Amino acid sequence: MNMINLDNFFLPKSIFLGQDISSPWSITANAEEIIHAFLSTLDQQYIINNGIAVHREATIEANAIIKPPVIIGPRCFVASFTYLRGGVYLESDVILGPSVEVKSSFIFRESKAAHFNFIGDSIIGDDVNIEAGAILANYRNELPKKEIVCYYQQQHIHTQTNKFGSLIGSNSKIGANAVLAPGTIIDSQSVVQRLELVDQLQ
């Protein structure tokens, strides 16, 4: 099986030290455990309450729903009616606009999801811009066999899991109302056009 080198998608991240990062789907499948472990390393700049850590320089608007474990880093902005669940990590300067749902995902520095987005079981690199309405789907509802199979560098990669969204490399742009099918892998510096369907199933 072709292994995916995460260093090709974003800079090394301290949250993954000592963790199984052999594949992006092993990371998202263990998002809660990874985030719980990292909580104990945070300094006093974080306010920690019942598995939710919010940096003192972060902003969370009213009516956001945040379920532990979650880490929200410095200068992050979480807008009203955003919903975070299943283990979510926002590194720093991340912006989540109104009515964004994030589930079991890691979003790294300076990345943005405008509004009305779903980001499921995904890893988003640095400085990625996700325009309004774009969806990172995480489940093959339409197929009789639910296992997520990624297609990358002309090889099929069997994940042996039924839940995985996308791996998006740094400095990529995802257009409004685009849909990234489960198992999508996008290299750094990529552009997904508005209304585009990215389905790498072969």
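Glu 147 counts as buried, because its relative accessibility is 16% and the cut-off for buried is under 20%. Keep in mind that this is a predicted model. Here's a quick look at that glutamate, then at the chain around it.

**Glu 147 up close**
- You'll find Glu 147 in a loop, the one that runs between β14 (135-136) and β15 (149-152).
- Its side chain makes a polar contact of 3.4 Å with the side chain of His 158.
- Leaving aside residues up to four places away in sequence, Glu 147 touches His 158, Thr 159, Gln 160, Thr 161 and Asn 162.
- So His 158 turns up twice for this buried residue: as a polar partner and in the list of residues touched.

**Fold and overall shape**
- The chain has 22 strands, plus two helices.
- Its radius of gyration is 16 Å, which agrees with the value near 17 Å that a compact globule of 202 residues would have.
- Measure the C-alpha trace along its principal axes and you get a span of about 45 × 35 × 30 Å.

**Inside and contacts**
- Of the 202 residues in the chain, 54% are buried, and Glu 147 is one of the buried ones.
- Take the contacts between residues at least 6 apart in sequence: 32% of them join residues at least 24 apart.

**Surface and charge**
- About 9300 Å² of the chain is exposed, with carbon and sulfur atoms supplying 50% of that area.
- The chain carries 14 positive and 20 negative charges, and the mean positions of the two sets lie 4 Å apart.

Key:
Residues are numbered from 1 along each chain as its sequence is written. This is a predicted model: local features need pLDDT of at least 70, side-chain atom pairs count only at pLDDT 80 or more; totals for chains, interfaces and linings use all residues. Side-chain values use heavy atoms; hydrogens and water are left out. Helices (H or I, at least four residues) and strands (E, at least two) are DSSP runs, numbered from the N terminus. The radius of gyration is taken over C-alpha atoms; the globule rule is 2.2 Å times the number of residues to the power 0.38. Buried means under 20% relative accessible area, exposed over 50%, partly exposed in between (1.4 Å probe, protein chains only). Contact means heavy atoms within 4.5 Å. Accessible areas come from the Shrake-Rupley method with a 1.4 Å probe; for residues, only the protein chains shown count as cover. Lys and Arg count as positive and Asp and Glu as negative; His and the chain ends are not counted. The place of a charge is taken as NZ of Lys, CZ of Arg, CG of Asp or CD of Glu. A polar contact is a pair of N or O atoms within 3.5 Å; within protein, one must be able to donate a hydrogen and the other to accept it, and residues adjacent in sequence count only if both atoms are side-chain atoms.
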